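I opened this entry to keep track of what I looked up, one topic at a time.

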Amino acid sequence: MSFSPDSTQQSPALQHSPAALTQPDAVFSNLVSPNISADTLRTQTPIKLGILASGSGSNFEAVAQAIKDGQLSAQIQVLIYNNPDAYAAVRAAKWGVPAVLLNHREYKSREDLDRQIVQTLQEYDVELVVMAGWMRLVTSVFIDAFPDKIINIHPSLLPSFKGSRAVEQALAEGVKIAGCTVHLVCLEMDSGSILMQAAVPVLPDDTPETLHARIQVQEHRILPLAISFAGSLLEHRPSSKPI
Ligand code: GRF
């Protein structure tokens, strides 16, 4: 197709270029991939979720809110947290979600912790596991119990900037576009198949805190969408039960 100066054939980004100069978020908010609406993705039966969090739990809250607002057909069966100080547990209490502390310091090995996590998720009849700020590496004990049923949210446009200091790495490299990714979890950290991404601009005076805050706005938007996406894939599988 040849380029046409006709504005009706321009990309949304070009049509919105005045806003791009003053409000870059207005343009970047369209940059979600795949760009599918919650309506397209809504599953018939609510997906039974288990959420794993180590920290603040703002993503836990975004999922709970999306369910309450009718944007996501799901039910949070349980929150598992590993850090006794995790604010996510306070949020779970507020939302009436059972919260189970599994402190990694009390387990001899990663496998032992994962066995207890799997048992807890099965006790709560969880179909899809959501790692939302879960700061532990997983073992095959966990992956094999929930094959292709564990997703994670990460504050970078993977495969760039894996690991716990993704936002700092993006700033240090001087990238102009950052973002977040929801992906399937596999044994290798931050490396499973990508389900959904959203982009944000990096502004000249950004600090790790300001950039992370901008990324988190998008995390809260795409995590419920990606859960619907993953749930709709589960619905078309012969069995939606963990093995
Ligand atoms: C998010 O930025 C997520 O991408 C990363 O950890 C952070 C968790 O934030 N894995 P919160 O605890 O949900 O507020």
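**Helix α9 and what follows**

I began with α9, where I found A166, V167 and A170 buried. These three cover an arc of only 100° around the axis, so they sit on the same side of α9. I noted the general rule beside this: an α-helix has 3.6 residues a turn, so residues three or four places apart point the same way. I should record here that I am working from a predicted model. Just after α9 I came to G174, which takes a positive phi of about 75°.

**Strands β6, β7 and β8**

Next I asked how many residues of β7 are buried. I found that 6 of its 8 residues are, and I therefore wrote β7 (177-184) down as mostly covered. I then looked up its pairing with β6, which is antiparallel and runs over 4 bridges, and I noted L184 in β7 as the bridge partner of I151. The pairing of β7 with β8 is also antiparallel, over 7 bridges, and there I noted V200 in β8 as the bridge partner of A178.

**Backbone oddities in the loops**

I went through the loops for unusual backbone geometry, and I listed two residues that have a positive phi although neither is a glycine: D148, at about 60°, and D190, at about 55°. I placed D148 in the loop between α8 (140-145) and β6, and D190 in the loop between β7 and β8 (194-201).

Are these two residues buried or exposed? D148 has 16 other C-beta atoms within 10 Å, and I therefore entered it as partly exposed. D190 has 19 C-beta neighbours inside 10 Å and also counts as partly exposed, because a residue is called buried only if 20 or more lie within that distance.

I also looked up the peptide bond that joins L158 and P159, and found it to be cis, with an omega of about 15°. P159 belongs to the loop between β6 (150-154) and α9 (166-173).

**Around the ligand**

Which residues come nearest to the ligand? Of the 14 residues around it, I wrote down S56, S58, N59, G133 and P155 as those that come nearest. I then checked which elements give two or more residues to this shell, and they are α5 (58-68), β6 and α10 (208-235). Sorted by class, the shell around the ligand has 5 nonpolar, 8 polar and 1 charged residues.

How values were computed
Residues are numbered from 1 along each chain as its sequence is written. This is a predicted model: local features need pLDDT of at least 70, side-chain atom pairs count only at pLDDT 80 or more; totals for chains, interfaces and linings use all residues. A residue is buried if 20 or more other C-beta atoms lie within 10 Å of its own, exposed if 12 or fewer, and partly exposed in between; C-beta atoms are placed from the backbone. The arc is that of the directions from the helix axis to the C-beta atoms. A residue is near a molecule or strand if its C-beta atom, placed from the backbone, lies within 6 Å of it. Ala, Val, Leu, Ile, Met, Phe, Trp, Tyr, Cys and Pro count as nonpolar, Asp, Glu, Lys and Arg as charged, and the others, Gly among them, as polar. Two strands pair if DSSP finds at least two bridges between them.
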